[in-house]
Amino acid sequence: MSNPQPGKLEDNHLQLLQPFFSTRLENELYNKLMNYCTKQQDSDSHSLFELGRLHQEGLGKCEKNVRKAKQLLEKSAELDHPKAMYHLCQLYGSQPSAAYTNIVSETELIDIKVRWYIKSSAQALVYSNSGIELWNNHNASSAWRKAIIEERTCLLDKISNRSYSDTGELGKILNQVSYISLQLSKDDSGYKTAIDGFESASRLGSPDASWNLAALVYHNCLGVDKDEEKKLQFMIQAADRGHVRAQFWLGEYLFSSSVGKEEQCKKALNYFKQSLRYPFASTLFWVGYAHLLGTGIRQDYALAMQYFQLAVTSSDYLFGVGNSSACSWLAFMYSKGLGITSDFTTASHYYAMAAKLGNKHSLNDLAKLIEKKKINCRDLDVAVKLYNMAAGENKEDASSYYARYRLGKLYSNKSNRQIYNQAKGSEYYSQALYLLESSISHDTRSYRYYHLAIIYEKGYGTSVNYQRATKYYSLARDAAAKVYDILDKYYGKKAEKRLKINFMRMEKESKHTTV
């Protein structure tokens, strides 16, 4: 029997998190999302999509109602929402798990899905699983290959027969044809045909074509040489034309928590706010995070919390981390009392949610609440298991060194009688020290310097060295002064306090030596 992969959330690990979840808190946030979307829904494709998703899955006070979900998703899809197109297709199928089974033949079902999946993924592959399922099925099924070729022929016929209402619709059709051609291309000749089509669509004003030139062609160097300048040029063009994902991409590209980058952050925030036409979780998170830090904008904890709360239950981009990041920072705000009274029980819920969604550092944060007796769970064995999950195999993660550092403290603490083991504690400290010293050449965050300093000051798993401790406390303080990041600021302040203590200690030792 093979051992489970360290750090991976196995079923027994999810069971470990279960006691910390609050169904009440989760439902409250789903209901907030529902209320927000209900106010916007009349002509807002994203609100229609979210309401359809809530009814499709029966979330919050939205009872599962596939008929209602179908109505909302169809309306959203007709308004060109790419993720609604994908969710709509999940209602149909020939399997018992589908909401509508056997109402169309298998051939008709494939035709329906091919049409919607092309419309969706040609806008951007990262909106949903449409592209993944489309091309996986193309590779596995002759019926899907046939349907895709037929759809391309149908689109080409629309162009040749001028069956389009205006140049905007023509641009959309050309972009879809070029997207299919690119995916089916096997050599530079095929790529050139696709690129020519994208460029023609882009000249007609298609934001999707500009995005595909940036994100598919130039990013992946398909039939072109690497050219970051052209990639950025097409990305800006797509964003200026209203492409939501391009706006989000530029927001991430420009955002910086560094002091002195405020004007750049204002531009980033402007792109993020434009991207809120489709308020996916990742976009909501970034807008909330900007308000939390106060970089390029006035710091506002209440507004940050509102964005984070919406982000927790909102749908996200494919591979997005907006849900987990929002959970993690909500937990931090509740644990530190930022703009709200400290509430460690609520913090533990959000840390558990973030951990469930893949945020490994939240495992450490939850374990620390147990270790410090901040919540009802006082079982140190649970804290140890959570720290071990966070330690994992990827030793480059900040969560990995910190988990070992906390395990060192747990096992070295004599008051923890049931698990006290000095040798084990020293071993974990040594591992944490090694990982920290190996990483500071490329990761200069203040918390890494701080933990190096505290290890040397206290002699955790190594000899006491006040000079090294002072050096790293100074670096932690200086690193924190260069950024707006709240976590860095937190450790910067702690480093400042430790520096004063160390200076006094070193001064006292110097006097003793002189005497």
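Biologist: Where is Arg162 found?

Modeller: In this predicted model, Arg162 is found in the loop between α8 (142-160) and α9 (167-184).

Biologist: Why does Arg162 count as exposed?

Modeller: Exposed means a relative accessible area over 50%. Arg162 has 64% relative accessibility, and it therefore counts as exposed.

Biologist: What is notable about the phi of Arg162?

Modeller: Its phi is near 55°, a positive value in a residue other than glycine. Most residues other than glycine have a negative phi. Cys221 likewise has a positive phi, near 55°. Cys221 sits in the loop between α11 and α12 (228-240).

Biologist: Why is Cys221 called partly exposed?

Modeller: The partly exposed class lies between the buried limit of 20% and the exposed limit of 50%. The relative accessible area of Cys221 is 33%, so the residue falls in that class.

Biologist: In which helix is Asn220 placed, and what does its side chain contact?

Modeller: Asn220 belongs to helix α11 (residues 207-220). A polar atom of its side chain lies 3.4 Å from the backbone oxygen of Ala215. The cut-off for a polar contact is 3.5 Å, so the pair is within the limit. With 40% relative accessibility, Asn220 is partly exposed.

Biologist: What makes Asn323 a buried residue, and which backbone oxygen does its side chain reach?

Modeller: Buried means under 20%, and Asn323 has 17% relative accessibility, so it counts as buried. Its side chain reaches the backbone oxygen of Val312 at 3.2 Å. Asn323 is found in helix α17 (residues 322-336).

Biologist: How many salt bridges does a search of the whole structure find?

Modeller: The search finds 17. Side chains of opposite charge can pair when their charged atoms come close.

Biologist: Why is the pair of Lys70 and Glu74 called a salt bridge?

Modeller: The closest N and O atoms of Lys70 and Glu74 are 2.9 Å apart. A salt bridge requires a side-chain nitrogen of Lys or Arg within 4 Å of a carboxyl oxygen of Asp or Glu, so the pair qualifies. Lys70 and Glu74 are four residues apart in helix α4 (residues 66-78), which means that about one helical turn separates them. Glu74 is partly exposed, at 29% relative accessibility.

Biologist: How do you know that Glu228 and Lys231 form a salt bridge?

Modeller: Their closest N and O atoms are 3.9 Å apart, and the limit is 4 Å, so the pair is accepted. Glu228 and Lys231 are three residues apart in helix α12, and are therefore separated by about one helical turn.

Biologist: Are Glu228 and Lys231 buried or partly exposed?

Modeller: Glu228 has a relative accessible area of 42% and is partly exposed. Lys231 has a relative accessible area of 7%; this is under 20%, so Lys231 is buried.

Biologist: Which atoms support a salt bridge between Lys360 and Asp397, and where do the two residues lie?

Modeller: The closest N and O atoms of Lys360 and Asp397 are 3.3 Å apart. The pair links distant parts of the chain, 37 residues apart. Lys360 is in the loop between α18 (344-356) and α19 (361-371), and Asp397 is in the loop between α20 (380-391) and α21 (398-412). Lys360 is buried, at 18%, whereas Asp397 is partly exposed, at 25%.

Biologist: Which residues are joined into one network by salt bridges that share partners?

Modeller: Lys226, Glu228 and Lys231 are joined in this way.

Biologist: What makes Lys489, Lys493, Lys497 and Lys500 a positive surface patch?

Modeller: These four residues form the patch, and Lys counts as positive. Patch members need over 30% relative accessible area and no salt bridge, with like charges joined within 9 Å. Lys497, one of the members, has a relative accessible area of 60%, so it passes the 30% threshold and is also exposed. Lys497 is found in helix α25 (residues 486-514).

Biologist: What is the overall make-up of the protein chain?

Modeller: The chain contains 25 helices and two strands. Of its 515 residues, 52% count as buried. Along its principal axes, the C-alpha trace spans about 100 × 50 × 50 Å.

Technical notes: Residues numbered from 1 in each chain as written. Predicted model: local features only at pLDDT ≥ 70, side-chain atom pairs only at ≥ 80, totals over all residues. Heavy atoms only, no water. Patch = residues over 30% accessible without salt bridge, like charges linked within 9 Å, V, L, I, M, F, W, Y side chains within 5 Å. Areas by Shrake-Rupley, 256 points an atom, 1.4 Å probe, with all protein chains shown as cover. Charge placed at Lys NZ, Arg CZ, Asp CG, Glu CD. Buried < 20%, exposed > 50% of the residue type's maximum accessible area, 1.4 Å probe, protein only. Polar contact = N/O pair within 3.5 Å; in protein donor to acceptor, adjacent residues only side chain to side chain.
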